Amino acid sequence: MSTETVTDILSHREGGVLTLTFNRLDKKNAITTAMYAALAAALDATANDDSVRVAVIQGDLSCFTAGNDLADFLDNPPDMSPDAEPAPVVRFLNAIKAWPKPLVAAVAGPAVGIGTTLLLHCDLVYAGDNAAFSMPFVNLGLCPEAGASLLLTQLVGYPRAAEKLMLGEAFYAEEALEMGLVNRVLPPQEVNGYAQAQAAKLAAKPLASLKATKQLMKMSLPAQLNPVMSAELQQFGTLLRGPAAKEAINAVMQKRKPDFSNC
Ligand code: COA
């Protein structure tokens with residue numbers, strides 16, 4: 001068993017389960033560049049290490065994550081052009097997309113932006129009845145990421161995906177369960193424990209069979225997903241530097257309504 005604090009991500013290994021915990025509650029677990037780098041490094045380091053058989057991503061029982069750190073978006077926007085060195089957020093997205101073993105998420109409280117889209121790459125998702133999912137990319141002058149344009153549409157159909165992605169309004173645990181984004185809804189104080197118990201069950205199963213099952217289930221995906229993710233990143237990087245994103249992000253940080261009349 002080992003526990004390590006990597007910036008605001010806690011990394012804990014026990015019994016074949018790697019648990020990565022958002023640990024920046026004073027900022028609602030908003031994810032900084034350093035946190036993406038820590039998450040990507042932990043996943044990349046264990047992807048081919050058979051002593052880790054399952055990974056769990058979790059937050060606190062009051063908050064999963066408020067998504068990308070908004071100050072980081074303004075001060076340190078990632079370069080997402082195709083020939084740039086992959087930014088930590090891109091490395092993280094690639095890591096969850098390619099993780100060859102079961103990936104489990106435990107979500108309680110808000111799961112904003114990438115806090116919701118990362119779930120589309122998880123194999124099992126457990127949610128507290130206080131979970132609030134949202135993908136407010138358009139409201140921030142941005143566009144979807146993490147392949148959500150494709151994966152959400154495949155999961156819930158075009159009209160519902162368009163509603164979630166274009167209006168960006170929060171939806172809650174029961175709806176997430178009904179639409180197939182989560183496997184089960186539990187009291188918030190039970191979510192992380194339940195996810196750990198499911199992860200422990202998976203860790204006791206034959207790893208080669210788990211890997212083969214995941215690989216087969218996702219076999220046809222990369223041909224569609226890779227170009228969509230690349231296109232999303234390019235658009236996202238451009239929009240992030242545009243006037244609507246600057247206005248929207250400043251407005252959120254200043255707790256005022258955005259003015260898109262010039263955007
Ligand atoms: N980036 C940076 N800081 C953030 C943040 C983010 N994404 N989300 C919250 N915070 C900070 C707030 O600025 C505040 O900091 P302060 O105490 O220094 O003023 C602190 O976290 C608490 O946030 P607050 O809004 O008061 O908490 P809440 O419980 O009322 O609401 C959220 C929680 C998650 C619903 C709300 O904070 C929110 O909507 N955040 C923005 C989410 C977002 O747009 N993310 C980007 C997605 S692409």
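In this predicted model, Phe171 is buried, with a relative accessible area of 1%. A good way into the structure is to ask which ring this residue meets. Phe171 pairs with Phe133 in a stacked arrangement, with 5.5 Å from centre to centre and 25° between the planes. The pair links distant parts of the chain, since Phe133 belongs to strand β8 (residues 132-134) and Phe171 to strand β9 (residues 171-172), 38 residues apart. Phe133 is buried as well, with a relative accessible area of 0%.

This stacked pair has company, for a search of the whole structure finds 6 aromatic pairs. Another of them joins Tyr126 and Tyr194, here in an edge-to-face arrangement, with 5.0 Å between the centres and 75° between the planes. Tyr126 sits in strand β7 (residues 124-128) and Tyr194 in helix α8 (residues 188-203), so the pair ties together parts that are 68 residues apart in sequence. Are the two partners buried or partly exposed? Tyr126 is buried, at 4% relative accessible area, whereas Tyr194 counts as partly exposed, at 23%. Elsewhere, three rings come together: Phe73, Phe137 and Phe236 make up one aromatic cluster.

Phe137 also leads to the ligand, as this residue is part of the ligand's surroundings. The other residues around the ligand are Asp26, Lys27, Lys28, Ala30, Ala66, Asn68, Asp69, Leu70, Val112 and Leu140. Sorted by class, this shell holds 6 nonpolar, 1 polar and 4 charged residues. Which parts of the protein come within reach of the ligand's nitrogen atoms? Backbone atoms of three residues do so, and they can be taken in turn. A polar backbone atom of Ala66 is 2.8 Å from a nitrogen atom of the ligand. For Asn68, a polar backbone atom is 3.0 Å from a ligand nitrogen. Leu70 contributes a backbone N or O atom, which lies 2.9 Å from a nitrogen atom of the ligand. Taken alone, the ligand exposes 870 Å², and the protein buries 60% of that area.

One member of the ligand's shell, Lys28, has a backbone feature worth pointing out. Lys28 has a positive phi of about 55°, although this residue is not a glycine. Lys28 is placed in the loop between β3 (17-22) and α1 (33-46). With a relative accessible area of 47%, Lys28 is partly exposed.

Lys28 is also among the residues touched by Thr65, which is found in the loop between β4 (54-58) and α2 (70-75). Is Thr65 buried or exposed? Thr65 is buried, with a relative accessible area of 0%. Leaving aside residues up to four places away in sequence, the contacts of Thr65 are Phe22, Lys28, Asn29, Ala30, Ile31, Pro110, Ala111, Val112 and Gly115. With Asn29 there is a polar contact too: a polar atom of the Thr65 side chain lies 2.7 Å from the backbone oxygen of Asn29. Ala30 and Val112 are contacts of Thr65 that also appear in the shell around the ligand.

Two helices complete the picture. In helix α6 (residues 158-167), the buried residues are Ala161, Ala162, Lys164 and Leu165. An α-helix has 3.6 residues a turn, so residues three or four places apart point the same way. The buried residues of α6 pack against α5 (148-156), β9 and α7 (173-178). β9 is thus a familiar name here, being the strand of Phe171. Just after α6, Gly168 takes a positive phi of about 70°.

Helix α11 (243-253) can be read in a similar way. Its buried residues are Ala244, Ala245, Glu247, Ala248, Ile249 and Ala251. What covers the buried residues of α11 includes α2 and α10 (222-240). Beyond this helix comes Lys255, in the segment after α11. Lys255 has a positive phi of about 50° although this residue is not a glycine. Lys255 is exposed, with a relative accessible area of 79%.

Key
Residues numbered from 1 in each chain as written. Predicted model: local features only at pLDDT ≥ 70, side-chain atom pairs only at ≥ 80, totals over all residues. Heavy atoms only, no water. Phe/Tyr/Trp six-rings, centres within 6.5 Å; stacked < 30°, edge-to-face > 60°. Helix = DSSP H or I, 4+ residues; strand = E, 2+ residues; numbered from the N terminus. Buried < 20%, exposed > 50% of the residue type's maximum accessible area, 1.4 Å probe, protein only. Near = heavy atom within 4 Å. Polar contact = N/O pair within 3.5 Å; in protein donor to acceptor, adjacent residues only side chain to side chain. Areas by Shrake-Rupley, 256 points an atom, 1.4 Å probe, with all protein chains shown as cover. Nonpolar A, V, L, I, M, F, W, Y, C, P; charged D, E, K, R; others polar. Contact = heavy atoms within 4.5 Å.
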